[in-house]
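Q: I have a structure open here and would like to go through it piece by piece. Can we start with a side-chain detail and work outwards?

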Amino acid sequence: MPRESGRNDQRSQIAHLAARLMAEDGIEDYALAKRKAARQAGMPDTQGLPSNEEIDGALKVYQAIYHREEHRDRLRELRGIAVRAMRELAQFNPHLTGSVLNGNAGKYADINLQLFTDNVKAVELYLMDRQIRYKTAQDRLYAGKELRTVPVYILREDSAEIELTVLTMRELRGPLRTSREGKSIERAKVQAVETLLAQT
């Protein structure tokens with residue numbers, strides 16, 4: 001029993017250290033935050049690590065204690081930018097995901113939008129036609145058990161970067177995950193984000 005309690009204490013310590021790294025250093029990658037936190041705590045960075053949900057919980061606590069008003073204002077700003085972008089990109093069925101949706105966005109957070117279209121190239125043509133500057137990247141997501149490499153377009157809007165992950169309409173009908181066994185990525189349409197913005 002004491003050994004199990006010790007492991008839980010270690011998980012909690014790593015979760016809180018990872019939350020601080022994400023809030024203060026702008027780390028968005030949970031796995032990277034966990035490894036750095038484990039090293040800071042002098043613990044192995046390969047076993048007994050907290051889940052992303054545990055880190056989310058610790059992040060909410062950290063922001064409520066240390067950055068309450070600043071976090072609320074930044075979240076409102078990011079959600080406002082997200083709503084404007086989603087209205088602009090309405091033809092691509094945009095959905096908000098990530099920390100701006102779940103409320104954990106830090107001061108360096110990106111806005112993550114998933115776009116769904118049967119013509120993936122149409123998104124790039126849309127950006128080019130409107131002379132919107134962008135960078136290209138790729139992301140890897142699991143659609144069911146199938147690993148997909150998908151295009152990402154990164155835009156700069158006001159004080160934030162917007163990452164547009166382009167997916168097919170077929171992928172809208174099923175859950176998407178960042179890992180094979182991971183939790184499904186939460187996503188919300190513009191109407192739901194407008195409601196969140198009004199509540200922020």
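A: Fine. This is a predicted model. The charged end of Arg130 lies over the ring of Tyr126, 3.7 Å from the ring centre.

Q: Where is Tyr126, and which ring does it pair with?
A: Tyr126 is in helix α6, residues 121-129. The ring of Tyr126 pairs with that of Phe92, which sits in the loop between α4 (68-88) and β1. The two residues are 34 apart in the sequence, and the pair links distant parts of the chain.

Q: What's the geometry of Phe92 and Tyr126?
A: Their ring centres are 5.5 Å apart and the planes stand at 90°, so the pair is edge-to-face. The cut-off for that label is an angle over 60 degrees.

Q: Buried or exposed, Phe92? And Tyr126?
A: Phe92 has a relative accessible area of 3%, so Phe92 is buried. Tyr126 is buried as well, with a relative accessible area of 6%.

Q: How many aromatic pairs in total?
A: Two. Besides Phe92 and Tyr126, there is Tyr134 with Tyr153, with centres 5.5 Å apart and planes at 85°, so that pair is also edge-to-face. Tyr134 lies in the loop between α6 and β3, while Tyr153 is in strand β4, 19 residues away.

Q: How accessible are Tyr134 and Tyr153?
A: Tyr134 has a relative accessibility of 25% and counts as partly exposed. Tyr153 counts as buried because its relative accessibility is 6%, and the limit for buried is under 20%.

Q: Switching to the sheet. What is the strand order?
A: The order is β1-β2-β5-β4-β3-β6, in an open sheet of six strands with mixed pairing. The edges are β1 (95-97) and β6 (176-177), each pairing on one side only.

Q: Which sense do β2 and β5 pair in, parallel or antiparallel?
A: Parallel, over six bridges, with β2 covering residues 111-116 and β5 covering 160-167. As one example, Asn112 has Glu163 in β5 as its bridge partner.

Q: And how do β3 and β4 run?
A: Antiparallel. Nine bridges join β3 (residues 135-143) to β4 (residues 146-157). Ala137 stands opposite Val152 in β4.

Q: What connects β3 to β4?
A: They form a hairpin with two residues between the strands. Gly144, in the turn, has a positive phi of about 65°.

Q: What about β4 and β5?
A: Those run antiparallel too, joined by six bridges. Leu155 is opposite Ile162 in β5. β4 and β5 also make a hairpin with two residues between them, and Asp158 in its turn has a positive phi of about 55°.

Q: Okay, the helices. Where does Val193 sit?
A: Val193 is in helix α8, residues 190-199. With a relative accessible area of 0%, Val193 is buried.

Q: What touches Val193?
A: Beyond neighbours within four places in sequence, Val193 contacts Arg79, Val83, Met86, Leu96 and Ala188.

Q: How far is Val193 from Arg79?
A: In space, 7.1 Å from C-alpha to C-alpha; in sequence, 114 residues.

Q: I also have Asn104 marked. Which loop is Asn104 in?
A: Asn104 is in the loop between α5 (99-102) and β2. Asn104 has a relative accessible area of 3%, so Asn104 counts as buried.

Q: What does Asn104 touch?
A: Leaving out residues up to four places away in sequence, Asn104 touches Asp56, Leu59, Lys60, Gln63, His71 and Ser99.

Q: Now the whole chain. How many helices and strands?
A: Eight helices and six strands. Along the sequence they follow α-α-α-α-β-α-β-α-β-β-β-α-β-α.

Q: What are the overall dimensions?
A: The C-alpha trace spans about 60 × 40 × 25 Å along its principal axes. The radius of gyration is 18 Å, which agrees with the value near 16 Å for a compact globule of 200 residues.

Q: How much of the protein is buried?
A: Of the 200 residues, 40% count as buried. The accessible surface is about 11200 Å², and 47% of that belongs to carbon and sulfur atoms.

Q: Last one: what share of the contacts is long-range in sequence?
A: Taking contacts between residues at least 6 apart in sequence, 61% join residues at least 24 apart.

Methods. Residues numbered from 1 in each chain as written. Predicted model: local features only at pLDDT ≥ 70, side-chain atom pairs only at ≥ 80, totals over all residues. Heavy atoms only, no water. Pairing = 2+ DSSP bridges. Helix = DSSP H or I, 4+ residues; strand = E, 2+ residues; numbered from the N terminus. Phe/Tyr/Trp six-rings, centres within 6.5 Å; stacked < 30°, edge-to-face > 60°. Buried < 20%, exposed > 50% of the residue type's maximum accessible area, 1.4 Å probe, protein only. Lys NZ or Arg CZ within 6 Å of the ring centre and 35° of its normal. Contact = heavy atoms within 4.5 Å. Rg over C-alpha atoms; globule rule 2.2 N^0.38 Å. Areas by Shrake-Rupley, 256 points an atom, 1.4 Å probe, with all protein chains shown as cover.
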